[in-house]
Amino acid sequence: MSDQTDRDKRILSKLNLDKLPFEISSKNFFIIWGKMFQNLKPLFIYKEGEYALKWCLSTNKRMRVFLKIFEANEEGYEVYKESIASQLPQFSYKTVAKIIDDGMKKGYYLNLAPRTVISTDKKIRNIRPSEELVVQFINWSIDIINNLIDFQKKLK
């Protein structure tokens with residue numbers, strides 16, 4: 001066997017193919033995966049221009065902070081710099097605070113009351129994503145789902 005065949009077998013043995021919403025054999029996996037990758041690839045290429053989602057996902061640190069803020073927004077609970085920093089101990093408070101402050105300057109993050117929790121602590125400055133950012137992230141997620149469904153239909 002060639003080195004590439006051995007490598008492919010090692011990769012395949014570690015994949016969770018049973019989680020896919022369609023059946024795919026290990027024999028033709030790389031061919032089908034290549035087609036699926038080509039179908040999804042445009043969704044991971046940034047469009048031209050400056051926009052909220054592009055900024056929020058541009059680095060690992062920004063992405064992790066964004067996901068904490070987005071989750072809190074969707075769940076309706078309070079989130080603020082200190083709480084995010086405590087949930088991301090691999091980053092310093094200063095790093096988290098800078099990301100949030102930069103996002104607020106750009107208008108991507110806003111100080112708004114939580115969706116469902118009524119805060120009694122006036123010192124807490126709850127952080128939520130802007131409407132523009134929420135729309136961009138949800139639409140991007142919908143595009144991913146739609147592309148996967150389209151791809152699944154092509155397999156049948």
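**Exercise 1.** In which helix does Asp-101 lie? Characterise its exposure and its side-chain partner in this predicted model.

*Solution.* Begin with the secondary structure: Asp-101 lies in helix H6. Next, consider exposure. Partly exposed residues fall between the 20% and 50% limits of relative accessible area; Asp-101 has 29% relative accessibility, so it counts as partly exposed. Then search for a partner of opposite charge. The side chain of Asp-101 meets that of Lys-81 in a salt bridge, with a distance of 2.6 Å from N to O. Because Lys-81 belongs to helix H5 (residues 81–87) and Asp-101 to helix H6 (residues 93–106), the pair ties together parts that are 20 residues apart in sequence. Lys-81, at 22% relative accessibility, also counts as partly exposed.

**Exercise 2.** How many salt bridges does a search of the whole structure find? Describe the one formed by Lys-98.

*Solution.* The principle comes first: side chains of opposite charge can pair when their charged atoms come close. A search of the whole structure gives two salt bridges. In one of them, the side chains of Lys-98 and Asp-102 meet at 3.0 Å, N to O. To place this pair, compare the positions in sequence: Lys-98 and Asp-102 are both in helix H6 and stand four residues apart, about one turn of the helix.

**Exercise 3.** Describe the largest pocket by its volume, its lining and the residue classes of that lining.

*Solution.* The first step is the volume: the largest pocket holds about 310 Å³ of space. The second step is the lining, which consists of 13 residues. Nearest the centre of the pocket lie Leu-43, Lys-47, Tyr-51, Leu-53 and Trp-140. The third step is to ask which element supplies the largest share of the lining; helix H7 (residues 131–155) does so, with four residues. The final step sorts the lining by class: nine residues are nonpolar, two are polar and two are charged.

To relate the pocket to Exercise 1, take Lys-47, one of the residues nearest the pocket centre. From C-alpha to C-alpha, Lys-47 and Asp-101 are 24 Å apart in space, with a sequence separation of 54 residues.

**Exercise 4.** Which residues make the nonpolar surface patch of about 210 Å²? Locate Phe-30.

*Solution.* The patch of about 210 Å² is made by Ile-11, Leu-15 and Phe-30. Phe-30 is placed in helix H2 (residues 29–40). With 33% relative accessibility, Phe-30 counts as partly exposed.

**Exercise 5.** Is Glu-75 buried or exposed, and how far is it from Thr-116 in sequence and in space?

*Solution.* Glu-75 is found in helix H4 (residues 60–75). Its relative accessible area is 54%, and exposed means over 50%; Glu-75 is therefore exposed. In sequence, Glu-75 and Thr-116 are 41 residues apart, while their C-alpha atoms are 8.1 Å apart in space.

Technical notes. Residues numbered from 1 in each chain as written. Predicted model: local features only at pLDDT ≥ 70, side-chain atom pairs only at ≥ 80, totals over all residues. Heavy atoms only, no water. 1 Å grid on protein atoms, 1.4 Å probe; cavity = no way out; pocket = protein on both sides within 12 Å on 5 of 7 lines; lining within 4 Å. Points joined across faces, edges and corners; volume = space filled by probe spheres on them. Helix = DSSP H or I, 4+ residues; strand = E, 2+ residues; numbered from the N terminus. Nonpolar A, V, L, I, M, F, W, Y, C, P; charged D, E, K, R; others polar. Salt bridge = Lys/Arg side-chain N within 4 Å of Asp/Glu carboxyl O. Buried < 20%, exposed > 50% of the residue type's maximum accessible area, 1.4 Å probe, protein only. Patch = residues over 30% accessible without salt bridge, like charges linked within 9 Å, V, L, I, M, F, W, Y side chains within 5 Å. Areas by Shrake-Rupley, 256 points an atom, 1.4 Å probe, with all protein chains shown as cover.
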